[in-house]
Amino acid sequence: MISSSLNKVITIEIGNPSTNAVDTPIMNWTNYHTANANVFVPTINTQFIDGELYTLTTNFTIRYNSKTKNLNNKYRILYNGMYYKILQVYETEIRHTLRVVTISWEDE
């Protein structure tokens, strides 16, 4: 892994399920970890369901450490003011780097 390619800063947030005043389930998000990442956007899709919906599939490459090794779909990523839902996490180099496959969407 070339460290200079990890040139973007991302924030990983963890979701804590709870309920509001009327017992409706909600997710409270708190900051979990800030990491340097390499960001790659392989696909952008457009769907026409009651208007246009742009979906972005984005891959983040981050360092493997004691905090990032626990990543799963209960976390999300904040990058450039957009939230990314985690679909899959896998190690690209054993105990060195993780590839996080995410999806984001833009409603316009």
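**Exercise 1. Decide whether Y79 is buried or exposed, then do the same for Y84 and classify the ring pair the two form.**

Step 1. Y79 has a relative accessible area of 12%, so Y79 is buried (under 20% is buried, over 50% exposed, in between partly exposed; 1.4 Å probe, protein chains only). The model is a predicted one, in which local features need pLDDT of at least 70 and side-chain atom pairs count only at pLDDT 80 or more, while totals for chains, interfaces and linings use all residues. Residues are numbered from 1 along each chain as its sequence is written, and side-chain values use heavy atoms, with hydrogens and water left out.

Step 2. For Y84 the relative accessible area is 5%, so Y84 is buried.

Step 3. A search of the whole structure gives four aromatic pairs. One of them joins Y79 and Y84, with 6.4 Å between centres and 45° between planes, and counts as tilted. The rule covers rings of Phe, Tyr and Trp (its six-membered ring) with centres within 6.5 Å; planes under 30 degrees apart are stacked, over 60 edge-to-face, the rest tilted.

Step 4. Ring pairs also bring in F60, giving a cluster of F60, Y79 and Y84.

**Exercise 2. Find which charged side chains lie over the rings of Y32 and Y83.**

Step 1. Apply the criterion: NZ of Lys or CZ of Arg within 6 Å of the ring centre and within 35 degrees of the ring normal.

Step 2. Over the face of Y32 lies K67, 4.8 Å from the ring centre.

Step 3. Over the ring of Y83 sits the charged end of R76, 3.7 Å from the centre.

**Exercise 3. Describe the lining of the largest pocket.**

Step 1. A pocket is an open set of points on a 1 Å grid over the protein atoms alone, where a 1.4 Å probe fits, with protein on both sides within 12 Å along at least five of seven lines; lining residues have an atom within 4 Å of a point.

Step 2. Eleven residues line the largest pocket, and R76, Y83, Y84, K85 and W105 lie nearest its centre. Two or more lining residues come from each of β4 (75–79), β5 (82–93) and β6 (97–107) (strands are DSSP runs of E, at least two residues, numbered from the N terminus). The largest contribution, four residues, is from β5.

Step 3. By class, the lining has six nonpolar, two polar and three charged residues (Ala, Val, Leu, Ile, Met, Phe, Trp, Tyr, Cys and Pro are nonpolar; Asp, Glu, Lys and Arg charged; the others, Gly among them, polar).
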